[in-house]
Amino acid sequence: MRMSKLFSQTLREAPADAEMPSHKLLVRAGFIRQLAAGIYTAMPMAKRSITKIEDIMRDEINAIGGQEMTMPVVHPAEVWQETERWYQIGSEMGRFKDKNQRDMVLAMTHEEVVANLTRKEIHSYRQLPVLIYHIQTKWRDDPRPRAGLIRVREFTMKDSYSLDADWEGLDKQYEAHYQSYFNIFHRCGIPVISVKSDVGMMGGKMAHEYMYLTSFGEDTLLICDDCGYAANRHVALFKKETSVKEDELALEKVATPDSKTIAELAEFLDIPEAKTAKAIFMVADIPEGESSIQKFVFAIVRGDMDLNETKLVNALAASELRPATEEEIVAIGAVPGYASPIGLPETNDYLPVVVVVDDLIPDSNNLVAGANDAGHHMLNTNLGRDYQADIVTDLTAARAGDICLNCGGSFNEIRGVEVGNIFKLGTRYSDSMGCTFQDKDGKEKPVIMGSYGIGSGRLLASVAEEHNDDYGLIWPITVAPYQVHLVVLLSKKDGGASQEEANLLYDELLAEGIEVLFDDRDESPGVKFNDADLIGMPIRLTVSGRGLEKGQIEFKRRDQKEKRMIAKDEIVEAVKAEIAALHAEIQEKIVEVPFEE
RNA sequence: CGGGGUGUGGCGCAGUAGGGAGCGCGCUGCGUUUGGGACGCAGAGGUCCGGGGUUCAAGUCCCCGCACCCCGACCA
């Protein structure tokens, strides 16, 4: 490709709205352009990289038996109603009506379509197992798109779906993906770890996320350096230090002016935060058949702990959970800032109340809690005696320094970007959509499903995030839009010899099947070199009068400082050898990763 | 959805006290230059986010919207 014809330009300065290095560089280098919040165009060079990433995905998924297809982006609402996700998912789902006023959905993912196909196509155990996949656009109207391509609303994802006759089959396909996903990320040049995750809106039995670790990541992970336990903060389990059980003391109401927060309260009473009970108020939607009921949730954790909302959602089997407003707190008869389940009216006109208590509370007695009276708290509150819980379960979020449940080591907290995930769906979709087959024994059984996704744009951004320096991007050979950046330095002195030589070399490289970006623009050397560094192709060749005097061409790897002068008639071979070497370097990173439950 | 911020040529920004729409880069033409974002000369390019209002006069003051960014919530 001649840069003089390339449909994209580099920018000297990044737009003010970019913060992450990958975002700034992808924009500056001319790879991406924004159309609206979370909606981007992939410019020609980004498109080439994405195609390479997707070809790696194809290669790996084909290798474990995948069959590529294409499923629609627009779905009739009916299939989403059948699985009830039409009702469970809120504003994140793109909905519109077609010209006949039929409800339609923009695909967020494709379980419904797969299930719809499965029930039509799969009738016998003889047709199983199956692995199908496609690479397709998704729309998720995220409340807060951010960080360039990392978190967007419209994106392309490779999603595969496994169909099996039994659970052992699912395990096999799940574990095959487990390794093949590592291969995909390693071939793209990024290190990842797998962590246990919440199943979220997908439903199902087991899930892993693949995390690319970076301080700019949006997910918080807890990692035990001792035993290797790694989990998303949403689900991380940890060993709670139980307090020594004390004798129950008498309930006592005390004045605690201006002590609305736990910190203020502990300070005022001069007690540790662990001796207080923190109440968090939420309103939950809990599905019941095709509709759902709202409940007011009173969540209680010890004052020194944080509520983990994912754990709360799972405990309630809620479809939505949001903080309660002050008005709502008042409406159930509690006093904001001084609320607790003690002395709440039995009934209220607003919503039914559910009290959910962390499993540390039954062992922690004589805690200070709100008195439901402005400026007052209760001393020595005890679960069971002073108030009752509807649910007692693990509700708290693990933090750095917490104790690993497996080995007693302590957790580190790190940030990561989720670049892929795998789910054991089980029969969640088969049951609701009636995907059954006749087994060997003649009985009708539900198809066992799994689903596995990787976003290609997010992966591209992660590669850019991993591979850059102060001057620009540094693409791994497997993902680079072009393998070689050919620069010609123009000079009138040489009578156009450099230009002529560069043209010849360009044609020769192309004839050898090498992908070349040729900077044939009438620009000064500084501009060309800076652009070459910014765009970041793995190999740079420079044709100039200076080198040609000795019959040589300059050769430089983007990820290395040294430059080499190579004889003109050896340059093509040298480039081919270096490309092979770069591939070999990537190849070394592709390793087997033992599957961990 | 809460909190914070920003909207002025393509990009980055300035715009004092309410009165002239500017600067740097980029872009066009001509010339000189050519190994790390060159130089000279001449140019083009603006609904100052939108809508109301105040005023003789609004980029600037007031009201109402919208968009985008950041933190949180949520989410793959």
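**RNA strand B and the protein around it**

Of the 45 residues around RNA strand B in this predicted model, Arg151, Glu309, Glu418, Asn421 and Glu554 come nearest.

Q: What percentage of the atoms of RNA strand B that come within 4 Å of the protein do sugar and phosphate account for?
A: Take just the atoms of RNA strand B that come within 4 Å of the protein. Sugar and phosphate account for this share of them: 53%.

Q: Which base atom of RNA strand B does a backbone N or O atom of Val152 lie 2.9 Å from?
A: Val152 uses its backbone here, through an N or O atom. Arg28, for its part, has a polar side-chain atom 3.0 Å from a base oxygen of the RNA. For Val152, at 2.9 Å, the partner is a base nitrogen.

Q: How far is a sugar or linking oxygen of RNA strand B from an N or O atom in the side chain of Glu92?
A: On the protein side, look at the N and O atoms in the side chain of Glu92. On the RNA side, the partner is a sugar or linking oxygen, and the distance is 3.1 Å.

Q: Which element gives the most to the surface near RNA strand B?
A: Strand S1 (32–36), strand S23 (411–426) and helix H13 (525–535) are the elements that give two or more residues to that surface. The top contribution is 7 residues, and it comes from H13.

Q: How many residues of the surface near RNA strand B are charged?
A: Split the surface residues by type: 16 are nonpolar and 6 are polar. The charged group is 23.

Q: Which strands are the edge strands of the open sheet S4-S6-S5?
A: This open sheet has 3 strands, with antiparallel pairing. An edge strand pairs on one side only, and that fits strand S4 (74–76) and strand S5 (95–97).

Q: What does the twist average from one strand to the next in that sheet?
A: The strand order to follow is S4-S6-S5. Going from one strand to the next, the twist averages 35°.

Q: Which residue in S6 does Arg95 stand opposite?
A: S5 and strand S6 (residues 103–106) run antiparallel, and 3 bridges join them. Across from Arg95, in S6, you'll find Val105.

Q: How far apart do the C-alpha centres of domain 1 and domain 3 lie?
A: Chain A is divided into domain 1 (19–191 + 429–465), domain 2 (252–393) and domain 3 (482–587). The contact between domain 1 and domain 3 takes 10 residues from domain 1 and 7 residues from domain 3. Their C-alpha centres lie apart by 39 Å.

How values were computed
Residues numbered from 1 in each chain as written. Chains lettered and ligands numbered in written order. Predicted model: local features only at pLDDT ≥ 70, side-chain atom pairs only at ≥ 80, totals over all residues. Heavy atoms only, no water. Near = heavy atom within 4 Å. Polar contact = N/O pair within 3.5 Å; in protein donor to acceptor, adjacent residues only side chain to side chain. Helix = DSSP H or I, 4+ residues; strand = E, 2+ residues; numbered from the N terminus. Nonpolar A, V, L, I, M, F, W, Y, C, P; charged D, E, K, R; others polar. Pairing = 2+ DSSP bridges. Axes fitted to C-alpha atoms, helices over the stretch in contact; angles between N-to-C directions. Domains from an automatic or database assignment. Contact = heavy atoms within 4.5 Å.
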